[in-house]
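Hi everyone, thanks for making time for this. I'd like to walk you through one structure, a few residues at a time, so have a look at it while I talk.

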Amino acid sequence: MVTFEKLISDIGFNASEKTEIISFASDKYKTEVIDFANKLVFDNLWKPLYEKAITSYDYGMASLVAIINKAVSAWDKYVEMGVSYDIYSDTMSDICVWARNYRRIYGYLGFSELEWLDGSVNLRRFKLGRLQYNFGHFEASDDHDISLDIPNGSRMIEIHIQQDGPFDDEICGRSLKMAEEFFKKHYPNEDFRGFICHSWLLSPTLSAVLDETSNIIKFGERFTIVKHEVENDKQAIERIFGEKFKDKDFKPTSLQIKARKHLDEGGHLGNALGVILF
């Protein structure tokens, strides 16, 4: 049986964070706002709660409590599907990741990425090893750089890269293998053609700031690049520099230094769409 307190501990929150969450959840003066958040979360009404969560501590924390409650209730569905607790708790660890991102932005613990977590609590996204996966499809386009034998609308497994954790090439390889086996086992009637990923991590122009031994470069080399958005630097800048965060003790990494120099000299980091076919 999964409880509220057990899940908080198992998805990565530390002792002080756990105390803060439980204290808020048990505060009788917060009952009204928590009940409001629970109703919206369990009804999958994300937008009105999001708008409150980004402007109020009470609603930010109530959103966090509500999404944890929704995650606890989802466990029975994971059991019915035959998914292990390890995969379930790994999948729900995104709650902790986004709660800490919220704190970096607003200065206190809370949660606002409700629509993103919809995939996890409603069994449409799973974390399998290092990477996250959900249902996707292939959209053929005239601006693709190459021609692949993939019919338009083909079922694909979409890859997302959770921001926390090591990004070793071997770990990513194990995750991809695990995902292929997982989706074939649990969705045997789906004709998945392979993996698809849209990310700055796949951009070939990253070779200008990273050497060939980089795990990011190795990850990108696993994919056949379908579309290279050379001048689309937005995601790369956000992920590399974290400009939306308000960390006080900022010390640039070697990647940040090299990327900044590359951009200052008129270069681009780019973005790319890639596939790995089964």
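Let me start with a quick one: is N44 buried, partly exposed or exposed? N44 is partly exposed, because its relative accessible area is 34%. Before I go on, please keep in mind that this is a predicted model.

So where do you find N44? Look in the loop between α3 and α4, where α4 covers residues 46-53. There's something to notice about its backbone too: N44 has a positive phi of about 60°, although N44 is not a glycine. L123 also has a positive phi, about 55° in this case, and L123 is not a glycine either. You'll find L123 in the loop between α8 and β1, with β1 spanning 125-128. L123 is buried, because its relative accessible area is 12%, and the cut-off for buried is under 20%.

Let's stay around α3 and α4 for a moment. Helix α3 covers residues 31-42, and N38 lies in it. What does N38 touch, if we skip residues up to four places away in sequence? The partners are A66 and N69. N38 has 17% relative accessibility, so N38 counts as buried. Over in helix α4 you have P48, which is partly exposed with a relative accessible area of 39%. Now take P48 together with A37: they are 11 residues apart along the chain, and their C-alpha atoms are separated by 9.6 Å.

Next, two helices that meet. Find α2, residues 15-25, and α5, residues 57-81. Their axes come within 10 Å and cross at roughly 95°. Angles from 65 to 115 degrees count as roughly perpendicular, and therefore that's what we call α2 and α5. Which residues meet there? From α2 it's E20, I21, F24 and A25, and from α5 it's Y57, D58, M61, A62, L64, V65 and I68. Sorted by class, this contact has nine nonpolar residues, two charged ones and no polar ones.

You may have spotted a tyrosine in that list, Y57, and that takes us to the aromatic rings. How many aromatic pairs does the structure hold? There are 22. A pair of aromatic rings is described by two things, the distance of the centres and the angle of the planes. Try that on Y57 and Y108: the ring centres are 5.2 Å apart and the planes are at 75°, so this pair is edge-to-face. This pair links distant parts of the chain, since Y57 is in helix α5 and Y108 is in the loop between α7 (94-106) and α8 (114-121), 51 residues apart. Both rings belong to partly exposed residues: Y57 has a relative accessible area of 30%, and Y108 has 24%.

Here's another pair, F135 and F183. Their ring centres are 5.8 Å apart with the planes at 85°, so again we say edge-to-face. F135 comes from strand β2, residues 131-137, and F183 from helix α9, residues 169-186, so the pair ties together parts that are 48 residues apart in sequence. F183 is buried, with a relative accessible area of 1%. F135 and F183 also belong to a cluster linked by ring pairs, together with W75, Y78, Y85, Y88, F126, F182, Y187 and F192.

Rings can have a charge over them, too. The charged end of K70 sits over the ring of F42, 5.7 Å from the ring centre. For K184, the charged end sits over the ring of F278, at 5.1 Å from the centre.

Two last stops. S120 is in helix α8, and which residues does S120 touch, leaving out those up to four places away in sequence? They are Y78, T91, M92 and R125, and Y78 is one of the cluster residues I just listed. With 1% relative accessibility, S120 counts as buried.

And finally Q256, in helix α12, residues 254-264. Buried or exposed? Q256 is buried, with a relative accessible area of 9%. Its C-alpha is 9.4 Å in space from that of V209, while the two residues are 47 apart in sequence.

That's my tour, thanks for listening!

Notes
Residues numbered from 1 in each chain as written. Predicted model: local features only at pLDDT ≥ 70, side-chain atom pairs only at ≥ 80, totals over all residues. Heavy atoms only, no water. Helix = DSSP H or I, 4+ residues; strand = E, 2+ residues; numbered from the N terminus. Buried < 20%, exposed > 50% of the residue type's maximum accessible area, 1.4 Å probe, protein only. Contact = heavy atoms within 4.5 Å. Axes fitted to C-alpha atoms, helices over the stretch in contact; angles between N-to-C directions. Parallel < 35°, antiparallel > 145°, perpendicular 65-115°, else oblique. Nonpolar A, V, L, I, M, F, W, Y, C, P; charged D, E, K, R; others polar. Phe/Tyr/Trp six-rings, centres within 6.5 Å; stacked < 30°, edge-to-face > 60°. Lys NZ or Arg CZ within 6 Å of the ring centre and 35° of its normal.
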